[in-house]
Amino acid sequence: QVQLVESGGGLVQAGGSLTLSCAASGSIFSIGAMGWYRQAPGKERELVARITPGGSTNYADSVKGRFTISRDNAKNTVSLQMNSLKPEDTAVYFCNAVLQRKRGYAPTDYWGQGTQVTVSS
C-alpha cells in the first residue's frame with residue numbers, strides 16, 4: 001500500500017504564511033512528479049504547483065510569486081510554502097504523486113486525504 005500524508009493546514013489571517021508538507025510511504029519503486037492541488041467549495045479541483053524529480057516547477061498563475069514548492073527525493077516528501085495568503089486561497093489542499101509501486105508497473109496517481117487551509121480577511 002501507498003500513503004500520502006499531509007500536514008500543516010490551518011487558519012491564518014490574510015497576508016500570513018503557512019507551510020504544507022506531504023510524505024509518501026509504503027511500497028514505492030519510484031516517484032515522478034509531485035504536486036499540490038486545491039478544491040474550494042463549489043469549485044473543481046485545480047493544480048496549485050507541481051515539481052518534477054529534477055526540480056522543474058510550474059505554478060498556477062494565481063499563486064506565482066507567493067507560493068514555493070520543493071521536494072526531498074531521498075525522503076519522498078514535498079512541501080508548499082505559502083506566503084501572502086489571500087482569502088481566495090481558502091480551500092482543501094491535496095498532495096499528489098505519480099509513482100510506480102514496483103519496477104515495470106505503470107505510473108499511477110496517488111492522493112493524500114486533504115488538509116484544510118482557511119484564510120480570514
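Trainee: In which loop is Ser84 found?

Mentor: Good place to start, and keep in mind that this is a predicted model. Look along the chain for the strands on either side of Ser84, one of which is β9, at residues 91-100. Ser84 is found in the loop between β8 and β9.

Trainee: What is the phi of Ser84 near?

Mentor: Most residues other than glycine have a negative phi. Ser84 is a residue other than glycine with a positive value, and its phi is near 50°.

Trainee: Is Ser84 buried, partly exposed or exposed?

Mentor: Buried means under 20% relative accessible area and exposed means over 50%, with partly exposed in between. Ser84 has 39% relative accessibility, so it counts as partly exposed.

Trainee: Where does Asn76 lie, and what is its phi near?

Mentor: Find β7 at residues 67-72 and β8 at residues 77-82; Asn76 lies in the loop between them. Asn76 counts as partly exposed because its relative accessibility is 23%. Asn76 also has a positive phi in a residue other than glycine, near 55°.

Trainee: How many helices and strands does the chain have?

Mentor: Reading along the sequence, you meet the pattern β-β-β-β-β-β-β-β-β-β-β. The count for the chain is zero helices and 11 strands.

Trainee: In which sense do β4 and β9 pair, and over how many bridges?

Mentor: Strand β4 covers residues 30-39. To see the pairing, find Tyr37, which stands opposite Phe94 in β9. The strands β4 and β9 pair in the antiparallel sense, over eight bridges.

Trainee: Which residue in β5 is the bridge partner of Gly35?

Mentor: Strand β5 spans residues 46-51, and it pairs with β4 in the antiparallel sense over five bridges. In β5, the bridge partner of Gly35 is Arg50.

Trainee: Which residue in the turn of the β4 and β5 hairpin has a positive phi?

Mentor: The hairpin formed by β4 and β5 has six residues between the strands. In that turn, a positive phi of about 75° belongs to Gly42.

Trainee: What is the radius of gyration of the chain?

Mentor: A compact globule with 121 residues would have a value near 14 Å. The chain agrees with that, with a radius of gyration of 14 Å.

Trainee: How far apart do the centres of the positive and negative side chains lie?

Mentor: Take the two sets in turn: the chain has 12 positive and 8 negative side chains. The centres of these two sets lie apart by 8 Å.

Methods. Residues numbered from 1 in each chain as written. Predicted model: local features only at pLDDT ≥ 70, side-chain atom pairs only at ≥ 80, totals over all residues. Heavy atoms only, no water. Helix = DSSP H or I, 4+ residues; strand = E, 2+ residues; numbered from the N terminus. Buried < 20%, exposed > 50% of the residue type's maximum accessible area, 1.4 Å probe, protein only. Rg over C-alpha atoms; globule rule 2.2 N^0.38 Å. Lys, Arg positive; Asp, Glu negative; His and termini not counted. Charge placed at Lys NZ, Arg CZ, Asp CG, Glu CD. Pairing = 2+ DSSP bridges.
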